[in-house]
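Reader: I would like a close look at one part of this structure. Please walk me through how it packs and pairs, and give me the cut-offs as you go.

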Amino acid sequence: MSNPRIQRLQQLCVSRLDTLSHILQVGQAHLPDRDLIDERLAPDMLPLGAQVAFACNQPRGFSQWCAGLPIENIDPAAVASLEEAHALIADTRARVLAISASDARLDEIKRIGMGKGRYCELPGDQYVSEYLLPNLYFHITTAYAILRMLGAPVGKADYMRYLAAHIRQEV
């Protein structure tokens, strides 16, 4: 089975889940006496726990779609602690690493529920680039912003830590 595109998406999703886990760890380490899971950027935005759930729903849903399974999203209210958030990230990471689909899956049409009876249908590659990745980044960024707003010392190097292996120093 040829799946270099799927493998690249697996690597991408896993590295971004690792980033999410890392920024949560930084938040925990620097704000140990604060219940971070219910913190939010604005009153009308969802809290940190929901941001983790939605970030995990993207690669999790991709793994389910690749396996031909129905998409079962995590209820954002179900993430009630940072321990649960880390467990969810670890479970999602394992699901992504278990994907064994062929790259041909990315040529198939993916139906995406858009809430309130609405949906769109996109080829798998477009589903990944136009829906999955923007949503994944949005929710990781929002989690990052919540922790940053609370004073956790997270910065761009934490957010883009997946590039660390590629950084070189000029001589």
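Author: What follows looks at helix α1, its packing and its salt bridges.

This is a predicted model, in which local features need pLDDT of at least 70 and side-chain atom pairs count only at pLDDT 80 or more, while totals for chains, interfaces and linings use all residues. Residues are numbered from 1 along each chain as its sequence is written, and side-chain values use heavy atoms, with hydrogens and water left out.

Start with the helix itself. Helix α1 covers residues 4-30. Helices here are DSSP runs (H or I, at least four residues), numbered from the N terminus. Two packed helices are described by the angle between their axes and the distance between the axes. The axes are lines fitted to C-alpha atoms over the stretch in contact, with angles from 0 to 180 degrees between N-to-C directions.

Take α2 first. This helix spans residues 48-66, and its axis comes within 11 Å of that of α1, crossing at roughly 165 degrees. That makes the two roughly antiparallel (angles over 145 degrees count as such, under 35 as roughly parallel, 65 to 115 as roughly perpendicular, the rest as oblique). The crossing is left-handed, meaning that the near helix is turned anticlockwise from the far one by less than a right angle. From α1, the contact (heavy atoms within 4.5 Å) takes in Ile6, Leu9, Cys13, Leu17, Leu20 and Leu24. From α2 come Leu48, Val52, Ala55, Cys56, Pro59, Phe62 and Cys66. By class, that is 13 nonpolar residues, no polar and no charged. Nonpolar means Ala, Val, Leu, Ile, Met, Phe, Trp, Tyr, Cys and Pro; charged means Asp, Glu, Lys and Arg; the others, Gly among them, count as polar.

Now α4, residues 124-149. Its axis and that of α1 come within 9 Å and cross at roughly 10 degrees. The two helices are therefore roughly parallel. On the α1 side, the contact includes Arg5, Leu12, Arg16, Ile23 and Gly27. On the α4 side, Asp125, Val128, Leu136, Tyr137 and Tyr144 are among the residues involved. The classes here are 15 nonpolar, two polar and three charged.

Next, the charged pairs. Side chains of opposite charge can pair when their charged atoms come close. The structure holds eight salt bridges, each a side-chain nitrogen of Lys or Arg within 4 Å of a carboxyl oxygen of Asp or Glu. One joins Arg5 to Asp125, at 2.7 Å from N to O. Arg5 sits in α1 and Asp125 in α4, 120 residues apart in the chain. Arg5 is partly exposed, at 34% relative accessibility. Asp125 is partly exposed too, at 34%. Buried means under 20% relative accessible area, exposed over 50%, and partly exposed in between (1.4 Å probe, protein chains only).

Farther along α1, Asp18 meets Arg93 in another salt bridge, at 2.7 Å from N to O. Arg93 lies in helix α3, residues 82-97, and is 75 residues away from Asp18 in the chain. Asp18 is partly exposed at 27%, and Arg93 is partly exposed at 28%.

A further salt bridge pairs Arg34 with Glu39, with closest N and O atoms 3.0 Å apart. Arg34 is partly exposed at 41%, whereas Glu39 is buried at 19%. Back at Arg5, salt bridges with shared partners join Arg5, Asp103, Asp107 and Asp125 into one network.
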